[in-house]
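Colleague: I would like a close look at a single part of this protein. Please take me through it step by step.

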Amino acid sequence: MPPPQSVDALDVQPSTPSRTSLPVVDPALQMIAEGICELLGFGIAAINVVRGDEVEMVAIHGFTSGLNAAHGRRETAEEVLGARWPLSEVQINLSRGENWGAWRFIPHERVNLHEGSWVSTTNMIDAPDAWHPHDMLLAPIYGDDGSLQGCLSIDMPVSGRRPDFTQRRVLNRFAKRARRVVLGYLERERLYERAANLETAKEFLRDASSKLSLADVIDASHDALIRGLGADGIWMATKGPRRAMVVHATPGLNWEPDPGLAALTSRNTSRYWAEGTYSILCRDRIADSAEWNEQAPVVDRFFETLGAESALVVPVGADHEWLGHIVLLRSPGRPTWTDAEGRLAMELGRDFGRIVLTANAYTKERDLAQQLADADRERNQLIEAVARELRIPVNALGTSLNALSEEQPNTLPWIVQVETLTVRSAQIEGIVSDLLLLSRIRDPANAPGETTIEVSEMLDDVLDELDPDAAQKDIECVLTTPTGPAYVVGDPRELRAAFLHLVKNALTYSYRGSRVQVMLYSAGSEVTIIVADAGVGIAYEEQSEVYKPFYRGSNSALGGSRGAGLGLTLVDQITSRHHGLVELDSRPGEGTRVALTLPGVS
């Protein structure tokens, strides 16, 4: 789309599409064209802008009609307005011109005329400096990045002569002012296009908000964000329903998040959200940025890995809450991000933030509903399990009571029934006690106590309590403790129950005459209690199930009845409440080793 190639050479390609309505001319551009004609003394002035690999005439003034060289007919200025030429034609003529400061003068003998040019029928004056009808005077307009954005084209000087030195100075001043106006026009065009795309993107985001998860919203919104903001790629991280950052990137952008850069980006963008601003990053100026230079090598590697040259970093949020950030990327050769685009992106960041909140709220609601369903199912299972576990000892208790009523007091049968009643009562009491403890530790409102406990003393008490059970099976319980005391902070009742169940399990599943080892270690900030036996062990396929309530494996207890299946459930949940860890290692037929690690107190 080269500009007019002199008054007589306004290049109108024969293939220019016909128009049923006149193009809308920007008033500022039209004033420039009129000013050149009326203030600087030229018969015609045109303004042309680059459109891809073409140039379009967007304003013209002062020319009434001319002759189309290809068709031999006259055409008006209104007809040529909006016409396009190959950009290469303009570049050829600029390369052949003489440097007049902001202008390039191309003498008629160097002008590249091509099919579709207009030819003036104006006669030349008889003078050495006469303006030839094919002479061309162009003022190229370059953007801040050095790319050709358009040009001014003027022709038919009123004097009939080529401009002298004084006229050239005036033309240069005018061209500099015109450049700002034309670049402003192009920027407004881009912004209008961005605004239109942004509206489309916002509509798409509203549709995407019907998705039921944040990941779905981000995936569905990706293309709309790319189109709406003219980006080549997107890297974004937003807070999920559990406050963890959900990361999304344009497919093919393979960047393993760097913790240092991620933390810096979060700090910067949370401040951006509070201040209502954003950041434009250019790869060649990272080290000069006070906000980003502490991670300059990583940022540079980020740009290199993703093949980007500039980035627009925009916060995402809603109301007063910062929710993450969007990093919009442009490749080398693309225009650098502008402040106007930053402001548009901020608007999209606000819209997207509201959608993130909605998606997270839905996810929380869905998770809560699932938790309630799980809790209801677990409650029903618990009721069934309690009924099942209590039925046997309660029935046995009733049978023993009936039998006791038929025996003479203090006789051997009577004594046997009394002992049976005592065992069954203790069994029921143990189950009820464990159930009450399980209910207590599962209640979020019941935080564990915070008493400083000397662990070796508590383990001594536990072994003393279980000494009759050990003696009954002729099992030796050995406690190994460190040379000094080992302290933890926690709830004495809960921790004692955990230790008690660990040792009781070991005794229950150990062979008669064997040994149970209880070892206490204190190292650094941790205290570890290990209970090891040489009993029947746990089948490999059952080891992941042993922490479930009322679960009892297939291996039989040795020398006594098994419990209700709550021991390791209580151990696991008590340890978790005390920010500890339970590890189990068991080999069928060889024994079981359970390690319980808790935060220590120095």
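Is Val601 buried, exposed or partly exposed, and what is its relative accessible area?

Modeller: Val601 is partly exposed. Its relative accessible area is 35%. Keep in mind that this is a predicted model. A residue counts as buried under 20% and as exposed over 50%, so Val601 falls in between.

Now place the residue. Val601 belongs to strand E22, which spans residues 591–601. On the surface, Val601 joins Tyr487 and Val489 in a nonpolar patch. Together the three have about 220 Å² of accessible area.

Next, the strands around it. E22 pairs with E20 in the antiparallel sense, over seven bridges. One contact point to look at is Ala532, whose bridge partner in E22 is Arg593. E20 itself covers residues 526–533 and is mostly covered. Seven of its eight residues are buried.

E20 has another partner. Strand E19, residues 515–523, pairs with E20 over eight bridges, again in the antiparallel sense. Here Tyr521 stands opposite Thr528 of E20. E19 and E20 make a hairpin, with two residues between the strands. Gly524 sits in that turn and has a positive phi of about 60°.

For contrast, turn to a helix. H7 runs over residues 296–306. Its buried residues are Ala296, Val298, Val299, Phe302, Phe303 and Leu306. They lie on the same side of H7, because they cover an arc of only 165° around the axis. An α-helix has 3.6 residues a turn, so residues three or four places apart point the same way. The face turned away from the buried side carries exposed Pro297 and Glu304.

What does the buried side pack against? Its residues meet helix H6 (259–275) and four strands: E11 (233–239), E13 (279–282), E14 (310–318) and E15 (321–330). Gly307 follows H7, and its phi is positive, near 65°.

Finally, the whole chain. The protein chain has 13 helices and 22 strands. Of its 602 residues, 47% count as buried. Take the contacts with a separation of 6 or more: residues 24 or more positions apart account for 70% of them. The accessible surface comes to about 30000 Å², and 51% of that belongs to carbon and sulfur atoms.

Back to your residue. Val601 is partly exposed, lies in E22, and shares a nonpolar surface patch with Tyr487 and Val489.

Key:
Residues are numbered from 1 along each chain as its sequence is written. This is a predicted model: local features need pLDDT of at least 70, side-chain atom pairs count only at pLDDT 80 or more; totals for chains, interfaces and linings use all residues. Side-chain values use heavy atoms; hydrogens and water are left out. Buried means under 20% relative accessible area, exposed over 50%, partly exposed in between (1.4 Å probe, protein chains only). The arc is that of the directions from the helix axis to the C-beta atoms. Contact means heavy atoms within 4.5 Å. Patches are made of residues with over 30% relative accessible area and no salt bridge: like charges are joined within 9 Å, nonpolar side chains (Val, Leu, Ile, Met, Phe, Trp, Tyr) within 5 Å. Accessible areas come from the Shrake-Rupley method with a 1.4 Å probe; for residues, only the protein chains shown count as cover. A salt bridge is a side-chain nitrogen of Lys or Arg within 4 Å of a carboxyl oxygen of Asp or Glu. Two strands pair if DSSP finds at least two bridges between them.
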